[in-house]
Amino acid sequence: MPEERVERFNLAERLGHWSHGISFVVLLLTGSALVFHGFGGLLGPGGLRLFRSVHHLMAYPFTFLTVLILLLGTPRTAGQWLKECLTWRADDLRFIAAFPREFFGLKVQLPEQGKFNAGEKLNSLLTIFGSILMASTGWILIFRDSVSPAVAAWALPLHSAGALVMGGVLLGHIYLALGHPNSRESINGMISGRVSAQFARQHHLIWYRELKEKEKDSRGKKQKIA
C-alpha cells in the first residue's frame with residue numbers, strides 16, 4: 001500500500017522559496033568575490049567585473065521576484081505564513097529551548113507544532129528582516145553617488161554583516177533540509193509540494209489534525225449534497 005502523502009506547499013509557495021534561495025546563493029557567491037580580495041584575485045579583473053555585473057543584476061529578483069510571486073500567486077497562504085511566524089506561544093519557546101538537542105541528534109521530546117514549527121518561524125523572521133536589510137543596503141551601495149558619503153559608509157559594513165548572518169542561517173537550513181535524519185523529508189515539500197503523513201504527524205501534529213478535520217468536513221458536505 002503506497003504511503004499516504006499530504007500537500008504542504010502549493011506551486012507558488014515553492015516558486016517563491018526557490019526564487020529567493022537561488023538569487024541569495026548567487027548574490028552570496030558573487031558578493032564574496034567583491035569583498036574577499038583573495039577570492040577576487042583568483043578571478044582576475046575580467047572575472048571580477050563579470051561577478052560585479054551578475055551581483056547587481058541578481059539584486060532585482062532578490063528584491064522583487066519572490067514578493068511578486070507570493071502576492072500574485074498565493075496571497076492567502078502567504079498571509080497565513082506571516083501570521084503564523086508572528087504568533088508565538090509558550091510551546092514555541094519550549095521548542096526553541098529543546099531544539100539544540102534535536103539538531104545534534106540527541107533524544108528529546110518536542111512540543112506539538114503547527115504547519116511551521118518554531119525553528120521554521122525563527123528562520124522565516126531572520127530571512128524576512130535580513131532580506132530587507134540586505135536589499136536596502138545593497139541598493140544604497142549600487143546608487144552610492146546619490147546618497148551622502150556617511151550613509152554609504154554605514155551601508156557597506158551592515159551589508160557585509162547581514163550576508164554573514166544570512167549565510168550562517170542558510171547553512172543551518174540546508175543541513176536540516178538535506179542532512180538531518182529526522183527532518184530531511186521536509187525537502188520533498190519544497191520539491192513536489194507533498195510530505196509523508198508520518199512526517200506531518202511527527203513534526204507538525206497540530207497542522208496535520210487541522211488538515212484531517214478539513215478533509216472530514218469536506219467529505220461530510222459532499223455526502224449531504226449527494
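This protein is built from nine helices and two strands, where helices are DSSP runs of H or I at least four residues long, strands are runs of E at least two long, and both are numbered from the N terminus. What you are looking at is a predicted model, so local features need pLDDT of at least 70 and side-chain atom pairs count only at pLDDT 80 or more, while totals for chains, interfaces and linings use all residues. Residues are numbered from 1 along each chain as its sequence is written, and side-chain values use heavy atoms, with hydrogens and water left out.

Let's start with the overall layout. Walking along the sequence, you meet the elements in the pattern β-α-α-α-α-α-α-α-β-α-α. Along the principal axes, the C-alpha atoms fill a box of roughly 70 × 45 × 35 Å. Of the 226 residues, 35% count as buried; buried means under 20% relative accessible area, exposed means over 50%, and partly exposed is in between, using a 1.4 Å probe and protein chains only. Take the contacts (heavy atoms within 4.5 Å) with a separation of 6 or more: 69% of them join residues 24 or more positions apart.

Now the surface. About 14100 Å² of the protein is exposed, and carbon and sulfur atoms supply 68% of that. These areas come from the Shrake-Rupley method with a 1.4 Å probe, and for residues only the protein chains shown count as cover. As for charge, there are 25 positive and 16 negative side chains, with the centres of the two sets 2 Å apart. Lys and Arg count as positive and Asp and Glu as negative, while His and the chain ends are not counted; each charge is placed at NZ of Lys, CZ of Arg, CG of Asp or CD of Glu.

Helix H2 is a good place to zoom in. It runs over residues 37-73, and a straight helix of those 37 residues would span 54 Å at 1.5 Å a residue, yet the end C-alpha atoms of H2 are only 41 Å apart. (The expected span is 1.5 Å times one less than the number of residues.) Look at Gly44: H2 bends there by about 115 degrees, and a proline, Pro45, follows within four residues. That bend is the angle between axes fitted to the seven residues ending at a position and the seven starting there.

Which residues of H2 are buried? They are Gly40, Phe51, His55, Met58, Ala59, Phe62, Thr66, Ile69 and Leu70. An α-helix has 3.6 residues a turn, so residues three or four places apart point the same way. The cover over the buried residues of H2 includes helix H1 (11-35), helix H3 (75-85), helix H5 (118-142) and helix H6 (149-179).

Leu34 shows you one piece of the meeting between H1 and H2. Leu34 sits in helix H1 and is partly exposed, with a relative accessible area of 28%. Leaving aside neighbours within four places in sequence, Leu34 is in contact with Leu48, Arg52 and His55. The C-alpha atoms of Leu34 and Phe51 are 7.8 Å apart, though 17 residues separate them along the chain.

H6 makes a nice counterpoint. Why does its span agree with the expected value? Its 31 residues should span 45 Å at 1.5 Å a residue, and its end C-alpha atoms are 44 Å apart. Its buried residues are Ala152, Ala155, His159, Gly162, Ala163, Met166, Gly167, Leu170 and Ala177, and their cover includes H1, H2, H5 and helix H7 (186-191). Trp154 also lies in H6, but at 63% relative accessibility Trp154 counts as exposed.

Last stop, helix H4 (residues 90-103), which holds Asp92. Is Asp92 buried or exposed? At 4% relative accessibility, Asp92 counts as buried. Not counting residues up to four places away in sequence, Asp92 touches Thr87, Gln113, Ala118 and Lys121. Ile96, also in H4, is partly exposed, with a relative accessible area of 30%. With the sequence neighbours up to four places away set aside, Ile96 touches Trp88, Ala118, Gly119 and Leu122, and its C-alpha atom is 9.0 Å from that of Leu122, 26 residues apart along the chain. Phe99 is another H4 residue; beyond four places in sequence, Phe99 touches Leu110 and Leu176.
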